[in-house]
Amino acid sequence: MSRLIVVSNRVSAPCVAGEETVGGLAMALSAALREYSGLWFGWSGKTLPVFTGDLNTQTLDGVTTAVVDLEDVDRDEYYNGYANKTLWPLLHYRTDLAAYDRVYGEGYRRVNKRFAETLAPLIEPDDLIWVHDYHLIPLARELRALGIKNRIGFFLHVPWPAHQVLTTLPGHTQLVQAMFEYDLVGFQTVEYLQAFEEYVLSQAHGGQPSADTLKAFGRVLRVGAFPIGIDAADFGLMLKSARARRMRDLVAAASVFRHLIVGVDRLDYSKGLEERFLGFEHFLSDNPDMRREVLMLQIAPVSRESVEAYQEIRGRLDALSGRINGEFADIDWAPLRYVNRNYRRDELAGIYAVARVGLVTPLRDGMNLVAKEFVAAQNPDDPGVLVLSRFAGAARQMREALLVNPNSPEEIAEALKRALAMERTERIRRWRALFDGVQRNDVTAWRDSFVSALSNPEEQQAALAG
Ligand code: ADP
Ligand code: F6P
């Protein structure tokens, strides 16, 4: 079997159950690599005044991670700049927030080149290389320029937008052309795959379809949809841990006699947190008899703090949570508990387990693993109800959730009411179907279908059909 080299901006080391790592990519890759002896390469998250290219390598639980420090200016221009001020908003349909600065584009190219130059000497001829997410789209091009001939795959964890949105990006052609340097490009859902195909057919030089490949820029690219999952088995084990049980008891005690509604998200404008708070406010206004029966817990650790749009949404959420509690709280009850900190995975499992409703309402989301974690943590005999945004990639697979338009406080309020009133038999029926899907389409299935499609082109049809 070939060695697998995984490359991503963020690397989670060491890969131990229970660690605090926020973000779907790190969660999924730690789980995917746990049983695979490979190499995980990326940024250390640290910067130096001058780039050295020195690697810091460690091995734990069979996973070797190799990380490199970047330069101070790289953090501004590449990570905060092109990745999170330009591409992130654009890929999440927030063209109003997307900043176009030539310097960011230069920083993006420079860091991708630095990653390629640092990684190239570690690559052996039979290695499969699997690159992750929007930070590293041009990495294959940089590796090819250094003579790397290995099979290289790319997986996008976030949405791929409609071509009318993508074409607002200066330099969109070069970005897409760089994707044609891969052997295989994977998306989270069929919709994102179709949006990519539509872009290629309508905008790219020489773009034409052919079976499961796309032709453009004089090259042929295989593409597919590979929906990501969670490590459901590990989640089940974690639920039984002492920490999970302790957290479950703590949260149950704090919400005694009340139904707990829970939300867990990075503090990101794509997660629909303001709209969710407004939906909850609406629910409280419309249902005076239910007020003291519920408690909403929103966990939202701060993320990408140096980017203005993230500072602004944080300020708005502070004000909104204050307003809701000010309006409805009593001396012995406050409706909303809003917490800006990370929890260990086992603790999160314990929190989900107590909740009667999981409120997962991103405005756009590549997949959303929280929805799957919530389902995996439920008590089969008395499960909670998942309220899920139609615009999360997960909505395609999780049809038995209560699906809502996250932009509508009325729909969120209505779904909350319905979830809280739902009979146990219906809750069990919906949960069973959701849990089967979470178990079947887990992180191992995702990894195996992508890796086999990358290593073995003939198997791709099977992966796509699955
Ligand atoms: P994204 O990758 O955009 O952050 P996902 O929902 O796909 O969104 O993944 C988020 C991951 O981060 C989940 O595995 C979730 O458990 C984890 N996470 C989110 N909030 C917290 C938190 N407060 N503490 C620890 N982990 C968190
Ligand atoms: O899952 C999408 C994603 O952007 C990952 O690429 C990333 O690791 C995660 O969200 C968290 O973001 P960040 O690494 O910027 O904290």
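Trainee: Are Trp-160 and Phe-196 buried or exposed?

Mentor: The model under discussion is predicted. A residue counts as buried when its relative accessible area is under 20% and as exposed when that area is over 50%. By this criterion Trp-160 and Phe-196 are both buried.

Trainee: Which kind of aromatic pair do Trp-160 and Phe-196 form?

Mentor: The ring centres of Trp-160 and Phe-196 lie 5.2 Å from each other, and the angle between the planes is 80°. Planes over 60 degrees apart count as edge-to-face. The pair of Trp-160 and Phe-196 is therefore edge-to-face.

Trainee: How many residues apart in sequence are the parts that this pair ties together?

Mentor: Trp-160 belongs to the loop between strand S6 (152-155) and helix H5 (163-166). Phe-196 belongs to helix H7 (residues 190-203), so the pair ties together parts whose separation in sequence is 36 residues.

Trainee: Phe-180 and Phe-196 also form an aromatic pair; of which kind is it?

Mentor: Here the centres are 6.4 Å apart and the planes differ by 25°. Phe-180 lies in the loop between helix H6 (172-179) and strand S7 (184-187), 16 residues from Phe-196 in helix H7. Phe-180 is buried, as is Phe-196. Planes under 30 degrees apart count as stacked, and the pair of Phe-180 and Phe-196 is stacked.

Trainee: How many aromatic pairs does a search of the whole structure find?

Mentor: Ring pairs also link Phe-41, Tyr-78, Tyr-82, Tyr-108 and Phe-115 into a cluster. For the whole structure, the search gives a total of 23 aromatic pairs.

Trainee: What arc do the buried residues of H6 cover around the axis?

Mentor: The buried residues of H6 are His-172, Leu-175, Val-176, Ala-178 and Met-179. They are placed on the same side of H6, because the arc they cover around the axis is only 155°.

Trainee: Which residue in S9 is the bridge partner of Gln-208?

Mentor: Strand S8 (residues 208-210) and strand S9 (residues 213-216) run antiparallel and are joined by three bridges. Two residues stand between the strands of this hairpin, and Ala-211 takes a positive phi near 50°. The partner of Gln-208 in S9 is Lys-215.

Trainee: Which residue in the turn between S9 and S10 has a positive phi?

Mentor: S9 pairs with strand S10 (residues 219-225) in the antiparallel sense, over four bridges. Leu-214 stands opposite Leu-221 in S10. S9 and S10 form a hairpin with two residues between them, and the turn residue with a positive phi of about 50° is Phe-217.

Trainee: How far is an oxygen atom of ligand 2 from an N or O atom in the side chain of Asp-133?

Mentor: The residues around ligand 2 include Tyr-79, Trp-88, Asp-133, Arg-266 and Arg-304. An oxygen atom of ligand 2 is 2.5 Å from a polar side-chain atom of Tyr-79, and one is 2.7 Å from an N or O atom in the side chain of Arg-304. For the side chain of Asp-133, the distance is 2.4 Å.

Trainee: Over the ring of which residue does the charged end of Arg-304 sit?

Mentor: Arg-304 is among the residues around ligand 2, and so is Trp-88. The charged end of Arg-304 is 4.2 Å from the centre of a ring, which is that of Trp-88.

Trainee: How many residues surround ligand 1?

Mentor: Polar side-chain atoms lie 2.8 Å from an oxygen atom of ligand 1 in the case of Lys-271 and 2.5 Å from an oxygen atom in the case of Glu-373. A nitrogen atom of ligand 1 is 2.8 Å from a polar backbone atom of Tyr-343. Gly-24, Arg-266, Lys-271, Tyr-343 and Glu-373 are the closest residues, and the number surrounding ligand 1 is 19.

Trainee: With the side chain of which residue does Arg-266 make a polar contact of 2.9 Å?

Mentor: Arg-266 is placed in the loop between strand S11 (259-264) and helix H10 (273-286). Its relative accessible area is 14%, so Arg-266 is buried. The C-alpha atoms of Arg-266 and Ile-299 are 8.1 Å apart, with these positions 33 residues apart along the chain counted as their separation. The side chain that joins Arg-266 in the 2.9 Å polar contact is that of Ser-303.

How values were computed:
Residues numbered from 1 in each chain as written. Chains lettered and ligands numbered in written order. Predicted model: local features only at pLDDT ≥ 70, side-chain atom pairs only at ≥ 80, totals over all residues. Heavy atoms only, no water. Phe/Tyr/Trp six-rings, centres within 6.5 Å; stacked < 30°, edge-to-face > 60°. Buried < 20%, exposed > 50% of the residue type's maximum accessible area, 1.4 Å probe, protein only. Lys NZ or Arg CZ within 6 Å of the ring centre and 35° of its normal. Arc of directions from axis to C-beta. Pairing = 2+ DSSP bridges. Near = heavy atom within 4 Å. Polar contact = N/O pair within 3.5 Å; in protein donor to acceptor, adjacent residues only side chain to side chain.
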